[in-house]
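Student: I would like to learn how to read a protein model step by step, starting with the whole fold and then turning to single residues. Could you take my questions one at a time?

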Amino acid sequence: MKYTGIYLAVAAAISAFGNTDAQKLTLEECSLDARPSVPNEMVSDASGDTYYMLSDDGSRVERYDYKTGKKVADVMVSENLRDCNVEGWDGFIMSPDEKLMLLYTDVEPVYRNSFKASYYVYDIRRNNIKPLSENGAQEIPVFSPDSRMVAFVRDNNVFVAKLDYGTEIAVTKDGEKNNIINGVPDWVYQEEFGMLSSLAWSPDNLMLAFIKWDESEVPTYSFPLYRGECEPMEQYSYYPGQFEYKYPVAGETNSTVKVISYDVETRALKTMNVPLDYDGYVNKIEFGKTPERLMVTTLNRNQNEMKLYAVNPRSAIAKLVYTDKSDSWIDPSLTEMTRYYESFFVVASERDGYRHLYQYSNAGVLMKQLTKGEWEVTDFYGYDQVSKCFYFQSTQEGALNRTLSFVDAKGVVKKLSEKVGTNSAVFSNNMKFFVHGFSDVNTPAVYDLCTVKGKKLRTVVDNADYAGRFVGKMPVKEFFTVSSGGYELNGYMIKPRDFDTSKKYPVIMYQYSGPGSQLVLDKWELDWLHYAAQEGYIVACVDGRGTGGRGKKFASLVYKQLGKYESIDQVAAAKHIASLPYVDSSKIGIFGWSYGGYETLMAMTQPGNNFAAGVAVAPVTDWRFYDSIYSERFMRTPQQNESGYEGSSAINRIRNLEGRLLIVTGTADDNVHASNTFEYVAKAVSMNKMLDMMVYPNKNHHINGCQTRFALYSKIIDFFDTWLKK
């Protein structure tokens, strides 16, 4: 086991005391207190020389110098605000001219990553604050480029607040819950495209663009709400309530979408003439550097053809400037890497078999392929117009690692990070400074403020105290490979600290297995599985076919047949592990959550499997039950791929179930509905298959809050102890 500098002194001190209880991990800290600290969000100013940060207690917005780390000013101090009694804010948004900021409080979640809140406009020079709107909570506010207006959404309608005049204008009036949504994406766009807003201001402040979702024909899904004990809802003490929203399952009707422009002066609305199939997607809109270039990204419903249009928001005329096609699917993360500059734009594509960056002129002519090789670009940070360099994260040092690099004006790729492991970056606006995050299997994340010249200026977060808590406690994690179907699969194994080769250990295999996902990485992790290793299990994880970091061909092997090769690979991995002399081959279990829960069910019913027990948390049990965008990306629609859906259904394989199974769900899971679990259990009962089930009332896909995660992990450990140890 290798140690970084943080660990050496602590490890030496601990080693003298032997393996005492004080050195043991507890399930509480593994399930509730396992994450190292991360820096507070550092919001770069326009120049890129300083940044803004919200204080830990939310009472101040402070400004710091990137180079020195010294505080330049207290930009907002809550106790000095006039006519406002908010002591701690949840966040802030700076205006482009940096004279105003939006402060928000009273956050109310809408879906997993979206929320509405009470926003206030704070005038920094005048120390004056007032509500953005007096008419109810707001969503996704966006300053105009001149900082004189704020567009936002309330109750499915778009509004513009003109700050100079204190007026509020309704841009749309047809918004209606579960019917018409303006500006804010519908549930499935938020969940599967990661799209939380569609509001876009033109650079000249004269036009506002947004997307309108018509979900009136999308089927409604509902689930019950109970009183519960964790944050009880007294109104449901005797009769359950109900939550309803629009959720398109695979093959069903999606929202229809339109791109709309709004003329601020005339208040005229116009629909853009963007070529789009009636059931296609618009998954990103953003203005380029000029007012006449509204850049609109579309996907067909099969999600294997992406098109990028430059649209004039006044004439509504759209010009196609870029197309990308795939024999399988186009991942939405490609769109997230698109960037626009004065005379060109940058896109990511997997056209040559690996995810790389390409530079195009504004007219849509390919200028150059910026990166190339049998490795993947995993994030694009931006372009420095002074040095002419493009900065990115990649798998250059192997699929298990993440490396920071840049490609210069001559096309030469150079490394920015030095250590092998998981490196990440957050850049200043001028691309001169970045916060460098680094972690590996033995090192909790350390964050340093660096220059792009390679100089470390200071450590922002070192997590030394956190590291000191766990040195001497952590079980040993080792990487290995296993063969399956002609492929070498990456895996890791966590062994107990007191591992003895003469003993026979039970095994818990952990996996997620979803397309493009990756669990086997050289980075720090601590969760209940490390506690399980301490308590006498060997924990193993293998990324099978279809997972990420290894090129498009490897990922696409699972196309239109989810669960097939993943299951073959998990069984092959289990048999390899069972062959090891220190493993009890009759005591191998498997665990997974969400897609990992699905794969648990599939692997346990794969012919020839050797799993004695398994735990499936929040599993999809049939892809016809899951949402359209995700399911169809990898399977197409049930109408197009009936045999694929039949073969990938975990419910259809229950007859093969032999090992002991615990299936877990939250009744308020808006992502993978509890009906997946209930339908699976109903079928199992009809076939006289024995299984256990745990249900968490009012809990969503994460099954957390009010100590619930600790209770869940305790249940899982107890289940595996029962069937793998006794």
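What follows is a set of questions and answers on this predicted model.

Student: How many helices and strands does the protein have?
Tutor: We are looking at a predicted model, and its secondary structure is a good place to begin. Counted over the protein, there are 13 helices and 43 strands.

Student: What radius of gyration does the protein have, and what would a compact globule have?
Tutor: The C-alpha atoms fill a box of roughly 75 × 60 × 60 Å along the principal axes. For 726 residues, a compact globule would have a radius of gyration near 27 Å, and the protein agrees with this, having 26 Å.

Student: What percentage of the residues in the protein is buried?
Tutor: A residue counts as buried when its relative accessible area is under 20%. The surface that the protein exposes is about 30200 Å², with carbon and sulfur atoms supplying 48% of it. Of the 726 residues, the buried share is 58%.

Student: Which cysteines form a disulfide?
Tutor: A disulfide here requires two cysteine sulfur atoms within 2.5 Å of each other, and a search of the whole structure finds one such pair. The sulfur atoms in this pair are 2.0 Å apart, and the residues that carry them are C230 and C706.

Student: How many residues apart along the chain are C230 and C706?
Tutor: C230 sits in the loop between β16 (220-225) and β17 (241-246), whereas C706 sits in the loop between β43 (692-696) and α13 (708-724). The disulfide therefore links distant parts of the chain, and the separation is 476 residues.

Student: Is the disulfide of C230 and C706 right-handed or left-handed?
Tutor: The handedness follows from the torsion about the S-S bond, which is about 70° for C230 and C706. With that torsion, the disulfide is right-handed.

Student: Are C230 and C706 buried, exposed or partly exposed?
Tutor: Partly exposed residues lie between the buried cut-off of 20% and the exposed cut-off of 50%. C230 has a relative accessible area of 24%, and C706 has 47%, so both of these values fall in the class partly exposed.

Student: Which cysteine sulfur is nearest to that of C30, and how far away is it?
Tutor: C30 counts as buried, at 3% relative accessibility. C30 is in no disulfide, and the nearest cysteine sulfur belongs to C541, at a distance of 17 Å.

Student: Which residues is A268 in contact with, leaving aside its neighbours within four places in sequence?
Tutor: A268 lies in the loop between β18 (256-263) and β19 (269-271), and its relative accessible area of 41% makes it partly exposed. Once the neighbours within four places are set aside, the residues in contact with A268 are S261, Y262 and D263.

Student: How many residues of helix α9 are buried?
Tutor: Helix α9 spans residues 595-604 and is mostly covered. Among its buried residues are Y595, E599 and M604, and the full count for the helix is ten of ten.

Student: What is the phi of S513, and where does S513 lie?
Tutor: S513 is found in the loop between β38 (505-510) and α6 (528-534), and S513 is buried, at 5% relative accessibility. Although S513 is not a glycine, its phi is positive, at about 80°.

Technical notes:
Residues are numbered from 1 along each chain as its sequence is written. This is a predicted model: local features need pLDDT of at least 70, side-chain atom pairs count only at pLDDT 80 or more; totals for chains, interfaces and linings use all residues. Side-chain values use heavy atoms; hydrogens and water are left out. Helices (H or I, at least four residues) and strands (E, at least two) are DSSP runs, numbered from the N terminus. The radius of gyration is taken over C-alpha atoms; the globule rule is 2.2 Å times the number of residues to the power 0.38. Buried means under 20% relative accessible area, exposed over 50%, partly exposed in between (1.4 Å probe, protein chains only). Accessible areas come from the Shrake-Rupley method with a 1.4 Å probe; for residues, only the protein chains shown count as cover. Contact means heavy atoms within 4.5 Å.
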